[in-house]
Structures are given as C-alpha cells and as structure tokens.
Amino acid sequence: MSASVTETGKAGLGAVVTGIDLERPTTEDGDALRRAFRASPMLCIRAGKATPESFLGLARVFGTLQRELMGVLRDPVFPEISLIERRRGVSTATGKAATFGGHWHTDDSYMAVPCAATLLYGEVVPPSGGDTAFTNMHAAYDALPAKTKERIADLSAIHTYQSRRNVSPVVERTEEEKALTPPVTHPLVRTHPETGRKALYLNPNRIDRVCGMALADGDSLLDELIAHATRPAFVHVHAWRPDDIVIWDNRCTMHKASPHEGDHPRRLLRILIEGTVPV
Ligand code: SIN
C-alpha cells in the first residue's frame, strides 16, 4: 500500500489521498502527503479509523504540534488534541446553538504566531449537512485587479480575539488566556514561507481594523476583500464521511463550518501545527 491522490477538488483545494496505513505511515507516505499538501492546501486523507495516537502520529508528518491555547477545548488525556463537538444541537465549546466556526475565518490569527495548519478527524459526522467550506486565498489574491494589489501591498490590520466586527459566538477565555493573547498586527497580504506565493490574509472574525485608515474606510476595504475572497470560484466544500482526516493550510485558506439539521451529534478531533510570524 502506498499514498496516492485519487481525486482533486475545486479551486485548487480538496485533493483526496488514500493508501496510507495510519498505524505505520512510511517515509515515502510522509513525503507524498507533504507534496500533496503543498499542491492542494486543503487535503482529505481517507485511511479508515484513527485512534488518538495514530491521528497524532499522522499530524507529526506535517510539522511540530501546537497545544490549543484554550484549556476548555483540550482533550483531557491528549492535550495536543482539541474537541469540536455538537451535542443535541448545541456547540459544547460555546454552549450556543450557533455553529462553532460557522463564519469564514483562519485559525488563530489573533495570535502573534498563528498555527500553520489544522487537522480535523471526523470521529462522528452527521449523515448530511455539517460540511466545511474552504476558500483559496492564493487564488483570491492572484485574481485581484492590479490596482487593488498595489493599494493593499503594504497595509496591515489589527487582529484581536473578540473583534469589533466579529459575529460568531466565541469560547470564553480565562484571565490567563486573555493575558497571553493581546491584539496583534498582521499584513493583509502574506507570503507563504514555503512556496513564496502571496495570499490574502483575512479573518472576518478577528480583524478589528485596518491600520492607518479611518474605521469606515477600513471596513469598506475589508468588506470588499472578504466578498471577493469568498466568491464561489475560490471555494471548495468538503462533505464529511466518517473517519475523514482533513488538513488545511491557515496561511493561504479560510474555512467555515455549515450547520446541520436535527440533533445528530458531530464530533471532530483537532490538531494544530506550529506556524511562523506572518510576513
Ligand atoms: C473550525 O472552524 O475549526 C471547525 C470547522 C468545522 O467544524 O467544520
């Protein structure tokens, strides 16, 4: 058995990799996975049932694991795994009926060093709905008019956990977690540290304002860029099957979860991969 890409998705995202033995991934499998991930910054790996240990082992193929900041999300036994769970129609992270991660975002941009990538394992998924949508921020950047590229080339924005513009319910942070995450400034266009490609770096949940612009002007620029980046042409939607492992690159994608009807539980295990300061 060896890794192979069996399907490609839409908008340069969503390749499906099969042929991995999760219990014993070979060096060649690791190389193939990293190559596939570079070509498709959102990948689905179909390799059957994972245990927490085999999921952690697979995640290490992509880099150094990063512990979730918020203690309330962490698995009590495996602290590098966090839980995204919906029970009886309510998110266990926020205690709200609204879908956790239900608006476009990239993970952890409110941190000085946001995670590079996120993996999710679909331990329990509903029979329909609960999809996760991804948008390709390289493609969105490439398609901008030259004038807009010039206008935003040197702009940066302030990202903060509970931003002025955020409409998603957030997980309550402890005082210690708040102290570790003051507002930070990141560029609106970032260069991927591995490929050198440029990508829009937006997070509708966490961007509070564009630096050096009047609030209203910054808001209308952000609205324009977000509307552009989330056009269907740049979007791939992942319909979960049980045991899917999905990985995405937070440096060049945004994502959002969709609601699902009824009370069917949905339980995903999440692992973060360490990143670098966005430039
Ligand atoms: C997330 O935003 O990290 C969760 C995505 C999902 O639940 O589909």
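How far is an oxygen atom of the ligand from an N or O atom in the side chain of His 255? In this predicted model, the separation comes to 3.1 Å. Two other side chains also put a polar atom by a ligand oxygen. For His 105, an N or O atom of the side chain is 2.8 Å from an oxygen atom of the ligand. For Thr 132, the distance from a polar side-chain atom to a ligand oxygen is 2.6 Å. On its own, the ligand would expose 260 Å², and the protein buries 99% of that.

As for where the ligand sits, the space it takes is the second largest cavity. Two elements give two or more residues to the shell around the ligand, namely strand S16 (253-257) and strand S17 (266-273). The top contributor is S17, which supplies three residues. The ligand is surrounded by Ile 84, Gly 101, His 105, Leu 120, Thr 132, His 255, Ala 257, Arg 266, Leu 268 and Arg 270. Sorted by character, this shell splits into four nonpolar, four polar and two charged residues. So the ligand's surroundings are a mix, with the two charged residues being Arg 266 and Arg 270.

Turning to individual residues, Thr 118 belongs to strand S7, which covers residues 117-124. Thr 118 has a relative accessibility of 0%, so it counts as buried, given that the cut-off for that label is under 20%. The side chain of Thr 118 isn't without a partner, though: a polar contact of 2.8 Å links it to the side chain of Asn 250.

Asp 244 tells a similar kind of story. This residue is in strand S15, residues 244-249. Its relative accessible area is 1%, and Asp 244 is therefore classed as buried. The side chain of Asp 244 makes a polar contact of 2.9 Å with that of His 238.

What about Ala 97, buried or exposed? Ala 97 is in the loop that runs between strand S6 (90-91) and S7. With 55% relative accessibility, Ala 97 counts as exposed, because the bar for that label is over 50%. Ala 97 can also be placed relative to Arg 86, a residue eleven positions away along the chain. The C-alpha atoms of Ala 97 and Arg 86 are 8.8 Å apart.

How values were computed
Residues are numbered from 1 along each chain as its sequence is written. This is a predicted model: local features need pLDDT of at least 70, side-chain atom pairs count only at pLDDT 80 or more; totals for chains, interfaces and linings use all residues. Side-chain values use heavy atoms; hydrogens and water are left out. A residue is near a molecule or strand if one of its heavy atoms lies within 4 Å of it. A polar contact is a pair of N or O atoms within 3.5 Å; within protein, one must be able to donate a hydrogen and the other to accept it, and residues adjacent in sequence count only if both atoms are side-chain atoms. Accessible areas come from the Shrake-Rupley method with a 1.4 Å probe; for residues, only the protein chains shown count as cover. On a 1 Å grid over the protein atoms alone, a cavity is a set of points where a 1.4 Å probe fits but cannot get out, and a pocket is an open set with protein on both sides within 12 Å along at least five of seven lines; lining residues have an atom within 4 Å of a point. A molecule sits in a cavity or pocket if more than half of its atoms lie within 2 Å of its grid points. Helices (H or I, at least four residues) and strands (E, at least two) are DSSP runs, numbered from the N terminus. Buried means under 20% relative accessible area, exposed over 50%, partly exposed in between (1.4 Å probe, protein chains only).
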